[in-house]
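Student: I should like a close look at a single part of this protein, namely the core and the sheet beside it. Please treat it as one connected account.

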Amino acid sequence: MKEQMRCTNCGEIADKKAMYEFDGKYYCRDCFDELFVFCRDCGAVIPELSANFVNSGFNDEGYVCYECLFEGYFHCTHCDDYFANHHLWAEDSEYVICTH
């Protein structure tokens with residue numbers, strides 16, 4: 001007999017092999033896709049509400065976890081977004097600015 005699990009979010013019952021686990025809780029595919037994203041840099045699963053959206057330029061956008069965010073991205077004080085290292089520092093300034 002297959003082990004059945006209930007989705008933490010919607011209550012759907014499905015075979016355990018069809019469920020996705022995060023932090024000890026199980027989710028159906030639809031709920032998992034709705035609630036979680038993968039870090040574009042390290043591949044870690046992160047709740048979408050906790051993820052950081054970054055713009056690396058050239059239409060290269062995605063979510064990153066906090067660890068990757070602080071290792072390879074700068075915070076733009078002008079637009080309040082995070083950008084990859086290749087964006088510029090303002091001349092004679094302590095502030096990071098984006099290239100928009």
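Tutor: Setting aside residues up to four places away in sequence, V37 touches A44, V45, I46, E48, A51 and Y63. This is a predicted model, and V37 belongs to its largest nonpolar core. That core has eleven residues in all: V37, C39, I46, A51, V54, V64, C65, C68, L69, Y73 and A84. Two of the residues that V37 touches, I46 and A51, are thus fellow members of the core. In soluble globular proteins, nonpolar side chains tend to be buried together. A second core, separate from the one around V37, has nine residues, among them A14, M19, Y27 and F32.

Several core members also belong to the sheet. The sheet is open and has four strands in the order β8-β7-β10-β9, with mixed pairing. Its edge strands are β8, covering 61–64, and β9, covering 73–75, and each of these pairs on one side only. Averaged over neighbouring strands and with direction ignored, the turn of one strand against the next is 40°. Strands of a sheet pair through backbone hydrogen bonds, either parallel or antiparallel.

The pairings can be followed across the sheet from the β8 edge. β8 and β7 run antiparallel and are joined by four bridges. Within this pairing, V54 stands opposite G62, and N52 has V64 as its bridge partner in β8. On to the next pair, β7 and β10 run parallel, with two bridges between them. V54 appears here too, standing opposite Y82 in β10. At the other edge, β9 pairs with β10, residues 82–84, in the antiparallel sense over three bridges. F74 stands opposite F83 in this last pairing.

The side chains of the edge strand β8 deserve separate attention. In a regular strand the side chains alternate between the two faces of the sheet. Along β8 that pattern is present: G62 and V64 point to one face and are buried, whereas E61 and Y63 point to the other face and are not buried. V64, on the buried face, is also one of the members of the largest core.

What, then, is the accessibility of N52, and which residues surround it? N52 lies in strand β7, which spans residues 52–55. Its relative accessibility is 12%, so N52 counts as buried, the cut-off being under 20%. Apart from neighbours within four places in sequence, N52 is in contact with G62, Y63, V64, C65, Y66 and L69. Among these contacts, V64, C65 and L69 are members of the largest core.

The loop between β5 (36–38) and β6 (45–47) holds D41. D41 has a relative accessible area of 42% and is therefore partly exposed. Beyond residues up to four places away in sequence, D41 touches V64, C68 and Y73, and these three residues are listed in the largest core. D41 and E67 are 26 residues apart in sequence, with a C-alpha to C-alpha distance of 9.9 Å.

For contrast in setting, consider D23, in the loop between β3 (20–22) and β4. D23 has a relative accessibility of 68% and so counts as exposed. Its phi is near 55°, a positive value in a residue other than glycine.

The part described sits in a protein chain of two helices and ten strands. From the N terminus on, the elements run β-β-β-β-α-β-β-β-β-α-β-β. Of the 100 residues of the chain, 32% count as buried. The accessible surface comes to about 7,200 Å², and carbon and sulfur atoms account for 49% of that area. Among contacts with a separation of 6 or more, 16% join residues 24 or more positions apart.

Confidence should be kept in view when reading these details. The mean pLDDT of the protein chain is 81, and 78% of its residues reach 70 or more. Confidence is highest in strand β4, residues 25–27, at 95, and lowest in β10, at a mean of 74. β10 is the strand that pairs with β9 over three bridges and runs parallel to β7.

Terms used. Residues are numbered from 1 along each chain as its sequence is written. This is a predicted model: local features need pLDDT of at least 70, side-chain atom pairs count only at pLDDT 80 or more; totals for chains, interfaces and linings use all residues. Side-chain values use heavy atoms; hydrogens and water are left out. A nonpolar core is a set of buried Ala, Val, Leu, Ile, Met, Phe, Trp, Tyr and Cys residues joined through side-chain atoms within 4.5 Å. Buried means under 20% relative accessible area, exposed over 50%, partly exposed in between (1.4 Å probe, protein chains only). Contact means heavy atoms within 4.5 Å. Two strands pair if DSSP finds at least two bridges between them. Axes are lines fitted to C-alpha atoms, for helices over the stretch in contact, and angles run from 0 to 180 degrees between N-to-C directions. pLDDT is the predictor's confidence in each residue, from 0 to 100. Accessible areas come from the Shrake-Rupley method with a 1.4 Å probe; for residues, only the protein chains shown count as cover.
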